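Reader: I should like to discuss how the secondary structure elements of this model are arranged. Please begin with the pairing of strands and proceed to the packing of helices.

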Amino acid sequence: MKTLIFGAGWLGTQFGGHLSSEVSRVDIADRSAVEAELERVKPTHILNTAGKTGRPNIDWCEDHKLETVSSNITGPLVLLRACLDRGIHLTHLSSGCIFDGAAPGPNGFTEEDSPNPVSFYSWTKAEADEILKRFPALILRLRMPIDTEPNQRNLITKLAGYSHVIDAINSVTVVADLLTGTAQLMMKGATGIFNMTNPDPVRHLDIMRWYTEIVDPSHAYTIIPAENLQSAGLTKTGRSNCVLDTSKLQSAGVHLRPAGEAIRQCLEEYKKHSAQQ
């Protein structure tokens with residue numbers, strides 16, 4: 001397996017180290033640039049970690065719709081066409097934020113449930129999924145990535161930086177488990193959609209309680225209802241809160257750690273990295 005990763009951001013860089021793969025910085029919406037990279041590297045597998053999530057958050061996408069469409073819809077389709085033409089396996093990182101609220105099933109939203117996106121960013125991810133799923137591509141839906149090191153993309157860092165935190169229940173993706181789980185599916189040549197989240201959802205309140213226990217006992221925050229985020233002017237657009245069903249992933253032989261256990265282990269390492277900064 002010779003993998004080329006598109007997207008040199010937070011996750012792309014970590015995947016590059018885990019898979020010992022080259023990470024490309026070219027614009028995935030630029031067909032000529034993408035094809036030149038494929039001819040140069042000649043990979044057997046492509047992993048797409050590129051995409052616009054907005055800075056500092058998805059509110060950016062509300063005011064930059066064309067840029068978001070180019071990166072989140074046009075780019076993945078360019079990669080799909082290039083991979084199909086060359087017989088290359090494509091893995092695309094998607095998002096569980098295409099869902100919001102209570103799921104129709106008892107264990108959360110499944111890969112077959114219809115999306116109900118609450119933001120423009122979420123809509124672009126859902127649209128890309130809708131097209132890619134009709135072709136032999138591997139689509140992995142992540143939720144709120146959690147890692148051992150402080151980073152503005154890390155849910156721990158995000159929550160710790162907020163003075164107001166909503167008490168919502170969510171599925172999450174622990175990055176270390178994402179790296180190993182993705183590699184397993186890629187090596188199997190898997191295709192289709194998988195919810196790539198750790199089993200057993202958690203509440204934001206639980207994460208912050210563990211944060212104060214393990215990392216910073218002096219940390220203070222206020223819990224507010226999720227619906228107050230927009231009404232209080234704290235966000236421009238809605239935020240997804242949902243639970244994803246991981247039955248399909250487990251049936252494929254990929255078993256991630258229970259979320260609570262994995263998060264607490266991350267927080268122990270997070271404390272050490274924070275002390276070094």
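Reader: How many bridges join strand β3 to strand β4?

Author: The model is a predicted one. In it, strand β3 covers residues 45-48 and strand β4 covers residues 89-95, and the two run parallel. The number of bridges that join them is four.

Reader: Which residue of β4 stands opposite Leu-47?

Author: Strands β3 and β4 are joined by bridges. Opposite Leu-47, in β4, stands Thr-91.

Reader: Which strands stand at the edges of the open sheet?

Author: The sheet is open, has six strands with parallel pairing, and follows the order β2-β1-β3-β4-β5-β10. From one strand to the next, the twist averages 20°. A strand at the edge has a single partner, so one of its sides is left without a neighbour in the sheet; the strands in that position are β2 (22-24) and β10 (192-195).

Reader: At what angle to β5 does helix α7 run?

Author: Helix α7 comprises residues 175-188 and lies across β1 (3-6), β3, β4, β5 and β10. Its direction relative to β5 is given by an angle of about 165°.

Reader: Across which strands does α5 lie?

Author: Helix α5 is formed by residues 120-132. This helix runs at about 150° to β4. The strands across which α5 lies are β4 and β5 (138-142).

Reader: Is α4 roughly parallel or roughly antiparallel to α5?

Author: The axes of α4 and α5 come within 10 Å and cross at roughly 15°. Angles under 35 degrees count as roughly parallel. The crossing angle therefore makes α4, relative to α5, roughly parallel.

Reader: How many nonpolar residues does the contact of α4 with α5 have?

Author: Among the residues that meet are Val-69, Ile-73 and Leu-77 in α4, and Phe-120, Trp-123 and Ile-131 in α5. The contact of α4 with α5 also has three polar and three charged residues. Its number of nonpolar residues is 11.

Reader: Is the crossing of α2 and α4 right-handed or left-handed?

Author: Helix α2 (residues 31-41) and helix α4 (residues 65-86) have axes that come within 10 Å and cross at roughly 40°. That angle is why α2 is oblique to α4. The handedness of this crossing is right-handed.

Reader: How many charged residues are in the contact of α2 with α4?

Author: On α2 the contact is made by Arg-31, Val-34, Glu-35, Leu-38 and Glu-39. On α4 the contributors include Arg-81, Asp-85 and Arg-86. Five residues of the contact are nonpolar and none is polar, while the number of charged residues is six.

Methods
Residues are numbered from 1 along each chain as its sequence is written. This is a predicted model: local features need pLDDT of at least 70, side-chain atom pairs count only at pLDDT 80 or more; totals for chains, interfaces and linings use all residues. Side-chain values use heavy atoms; hydrogens and water are left out. Axes are lines fitted to C-alpha atoms, for helices over the stretch in contact, and angles run from 0 to 180 degrees between N-to-C directions. Angles under 35 degrees count as roughly parallel, over 145 as roughly antiparallel, 65 to 115 as roughly perpendicular and the rest as oblique. A crossing is left-handed if the near helix is turned anticlockwise from the far one by less than a right angle, and right-handed if clockwise. Contact means heavy atoms within 4.5 Å. Ala, Val, Leu, Ile, Met, Phe, Trp, Tyr, Cys and Pro count as nonpolar, Asp, Glu, Lys and Arg as charged, and the others, Gly among them, as polar. Two strands pair if DSSP finds at least two bridges between them.
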